[in-house]
Amino acid sequence: MNFVLKNKNRVVIDPKATIGENVIIYENTRIDGACEIGDNVTIFPNSYLSNCKVGKGTKVFASFIENSEIGSCCSISAYSCVKGGTKLSDFVRMGSGVMLKNTHISEHCEVGSNSVICGATLGKNCKISAGTILAGPCEKNKPKIELGNGVRVGARACIEGNIKIDTGEVIEAGKVIKKITQV
């Protein structure tokens, strides 16, 4: 193992975790369970990772990642929470304060700050602006919100229910789209 601990007295790493080469882990970080941290990853102060996989070259800034998979060359900005079986493909960028649960985000997507996405699948090259809410069912194996490739969602838009948005669509800022399902 060839990794650097910044202030090693304030870093906790579970013995079940595997850490790649040239990894930098800053103080006040805790890595629990069978985490797999890829090569050239930087984990900045005040991060918590549990039972997750983090791909090579990813940067995690003061965030919470649990039971999820983060691809290579991703950027998870501060105060974000990624949990519940979420999967981020390579080159995904997240703003600060983002909450993701039971969501799959494809390559080269961007999620703006303070967005909440639960129970959704995003195609490649999607752009989600700040303050957006995508509220699909958070339970696994339920129908989800599906965004095709290249979908753009404006700031503070809200999409709720089992909805499919076609490739290349643009959802304007502040728009509310809701599908009511009979129970």
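Visitor: In which strand is the place of Asp32?
Guide: This is a predicted model. Look along the chain to residues 29–32. Asp32 has its place in that run, which is strand 5.

Visitor: Is Asp32 buried or exposed?
Guide: The relative accessible area of Asp32 is 15%. The cut-off for buried is under 20%. Asp32 is therefore buried.

Visitor: Which side chain does Asp32 join in a polar contact of 2.9 Å?
Guide: Leave aside the neighbours within four places in sequence, and Asp32 is in contact with Asp14, Tyr48, Leu49, Ser50 and Asn51. A polar contact of 2.9 Å runs between side chains. The partner of Asp32 in it is Tyr48.

Visitor: What is the bridge partner of Asp32 in strand 8?
Guide: Strand 8 covers residues 48–50. Strand 5 pairs with strand 8 in the parallel sense, over three bridges. Opposite Asp32 in strand 8, the bridge partner is Ser50.

Visitor: Which residue in strand 5 stands opposite Val12?
Guide: Strand 2 spans residues 11–13. Strand 2 and strand 5 run parallel, joined by three bridges. The residue of strand 5 opposite Val12 is Arg30.

Visitor: With which residue does Asp32 form a salt bridge?
Guide: Side chains of opposite charge can pair when their charged atoms come close. For Asp32 and its partner, the closest N and O atoms are 2.9 Å apart. The salt-bridge partner of Asp32 is Arg30.

Visitor: How many salt bridges does the structure hold?
Guide: One of them joins Asp32 and Arg30. Another joins the side chains of Glu110 and Arg93, at 3.5 Å from N to O. Glu110 also meets Lys127, at 3.7 Å. The count for the structure is three.

Visitor: How many residues apart in sequence are the parts tied together by Glu110 and Lys127?
Guide: The side chains of Glu110 and Lys127 meet in a salt bridge. Glu110 lies in strand 19, and Lys127 lies in strand 22, so the pair ties together two parts of the chain. Their separation in sequence is 17 residues.

Visitor: Which residues are linked with Glu110 in a network of salt bridges?
Guide: Glu110 has a salt bridge to Arg93. Glu110 has one to Lys127 as well. The residues linked with Glu110 in the network are Arg93 and Lys127.

Visitor: Is Lys127 buried, partly exposed or exposed?
Guide: Lys127 has 26% relative accessibility. Buried means under 20%, and exposed means over 50%. The value for Lys127 falls in between, so Lys127 is partly exposed.

Visitor: How many disulfides does a search of the whole structure find?
Guide: A disulfide needs two cysteine sulfur atoms within 2.5 Å. The search of the whole structure finds zero.

Visitor: How far away is the cysteine sulfur nearest to Cys35?
Guide: Cys35 is in no disulfide. Cys35 is buried, with a relative accessible area of 1%. Its nearest cysteine sulfur belongs to Cys52, at 3.6 Å.

Visitor: Why is the sulfur of Cys73 in no bond with that of Cys74?
Guide: Cys73 is partly exposed, at 36% relative accessible area. Cys74 holds the closest cysteine sulfur to that of Cys73. The two are too far apart for a bond, because the distance is 7.6 Å.

Visitor: Which strands form the open sheet, and in what order?
Guide: Nine strands take part, and the pairing is parallel. Strand 3 and strand 27 stand at the edges, each with a single partner strand, so one side of each has no neighbour in the sheet. The order is 3-6-9-12-15-18-21-24-27.

Visitor: Which residue in strand 9 stands opposite Glu36?
Guide: Strand 6 covers residues 36–37, and strand 9 covers residues 53–54. These strands pair in the parallel sense over two bridges. Opposite Glu36 stands Lys53.

Visitor: How many residues are in the largest nonpolar core?
Guide: Ile37, Met94, Leu122, Leu134 and Leu147 touch the most other members. Strand 4, strand 21 and strand 24 each supply at least two residues of this core. The number of residues in the core is 42.

Visitor: Is Thr42 buried or exposed?
Guide: Thr42 has its place in strand 7. Beyond four places in sequence, Thr42 touches Ile24, Tyr26, Thr58, Lys59 and Val60. Its relative accessibility is 9%, so Thr42 counts as buried.

Technical notes
Residues numbered from 1 in each chain as written. Predicted model: local features only at pLDDT ≥ 70, side-chain atom pairs only at ≥ 80, totals over all residues. Heavy atoms only, no water. Helix = DSSP H or I, 4+ residues; strand = E, 2+ residues; numbered from the N terminus. Buried < 20%, exposed > 50% of the residue type's maximum accessible area, 1.4 Å probe, protein only. Polar contact = N/O pair within 3.5 Å; in protein donor to acceptor, adjacent residues only side chain to side chain. Contact = heavy atoms within 4.5 Å. Core = buried A, V, L, I, M, F, W, Y, C linked by side-chain atoms within 4.5 Å. Pairing = 2+ DSSP bridges. Salt bridge = Lys/Arg side-chain N within 4 Å of Asp/Glu carboxyl O.
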